[in-house]
Amino acid sequence: MSLDFSDHKILKSADKVEKLQINFNPSTHIFPSIGKNFKNLKQVEIGEKEKPNTIKFIKRSDFSGLSALESLVIYNAHFNSIPGDVFWDLPALTFIELSNVTFASFTDDFSDNIFSKNSKLETIR
């Protein structure tokens, strides 16, 4: 399954979208164009509580352009690794939930830097 954002009818109203829920993503990557096409997102949910998630890779560029994002929830994922700067482009982030999320490895800068640019972050679950 792929999303075709070249359809101008979709993009015309994309700026009005504040919540995006991705329940089925057969890819091993998060859709990289989320921030490019949905600049005013306030909430993103990836996966479902009761179903496994196929996403294995997460990187900083997955979230670029989402400067208004306040809430990020990822369910049931097993990431190969997680870079320390992955959430840096989310300055408005106040809530993050990584429910049943595991990581095979962390980069060296993970613990010191992971939320260092998220000064509004209040809740981590």
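Arg60 is partly exposed, with a relative accessible area of 30%, and this residue is a useful place to enter the structure, which is a predicted model. The side chain of Arg60 meets that of Asp85 in a salt bridge, with a distance of 3.7 Å from N to O. This pair links distant parts of the chain, since Arg60 sits in the loop between E2 and E3 while Asp85 sits in the loop between E4 and E5, 25 residues apart. Asp85 also counts as partly exposed, at 21% relative accessibility. The pair does not stand alone, for salt bridges that share partners join Arg60, Asp85 and Asp89 into one network.

With that starting point in mind, we can turn to the protein as a whole. The protein has three helices and seven strands, and someone reading along the sequence would meet them in the pattern α-β-α-β-β-β-β-β-α-β. The protein has 125 residues, of which 37% count as buried. Its accessible surface comes to about 7,200 Å², and carbon and sulfur atoms account for 51% of that area. If we take the contacts between residues at least 6 apart in sequence, 72% of them join residues that are at least 24 apart.

How many salt bridges does the structure hold? There are five of them, and the general idea behind such pairs is that side chains of opposite charge can pair when their charged atoms come close. One of the five is formed by the side chains of Lys19 and Glu45, which meet at 3.7 Å from N to O. Because Lys19 lies in strand E1 (residues 19-22) and Glu45 in strand E2 (residues 43-46), this pair ties together parts that are 26 residues apart in sequence. The two partners can also be described by how much of each is accessible: Lys19 is partly exposed, with a relative accessible area of 42%, whereas Glu45 counts as buried, at 17% relative accessibility, because the cut-off for a buried residue is under 20%.

Another salt bridge joins the side chains of Glu48 and Lys51, at a distance of 4.0 Å from N to O. Here Glu48 counts as partly exposed, at 26% relative accessibility, and Lys51 is likewise partly exposed, with a relative accessible area of 48%.

The last part of this tour concerns the backbone. Most residues other than glycine have a negative phi, and most peptide bonds are trans. Against that background, Asn76 deserves a careful look, for Asn76 has a positive phi of about 50° although it is not a glycine. Where along the chain is Asn76 found? Asn76 is in the loop between strand E3, residues 71-75, and strand E4, residues 78-79. Asn100 has a positive phi too, of about 60°, and Asn100 is not a glycine either. The place of Asn100 is the loop between strand E5, residues 95-99, and strand E6, residues 102-103.

Are these two asparagines buried or exposed? Asn76 counts as buried, at 12% relative accessibility, while Asn100 is exposed, with a relative accessible area of 57%. A positive phi therefore occurs here in a loop residue that is buried, Asn76, and in a loop residue that is exposed, Asn100.

Conventions:
Residues numbered from 1 in each chain as written. Predicted model: local features only at pLDDT ≥ 70, side-chain atom pairs only at ≥ 80, totals over all residues. Heavy atoms only, no water. Helix = DSSP H or I, 4+ residues; strand = E, 2+ residues; numbered from the N terminus. Buried < 20%, exposed > 50% of the residue type's maximum accessible area, 1.4 Å probe, protein only. Contact = heavy atoms within 4.5 Å. Areas by Shrake-Rupley, 256 points an atom, 1.4 Å probe, with all protein chains shown as cover.
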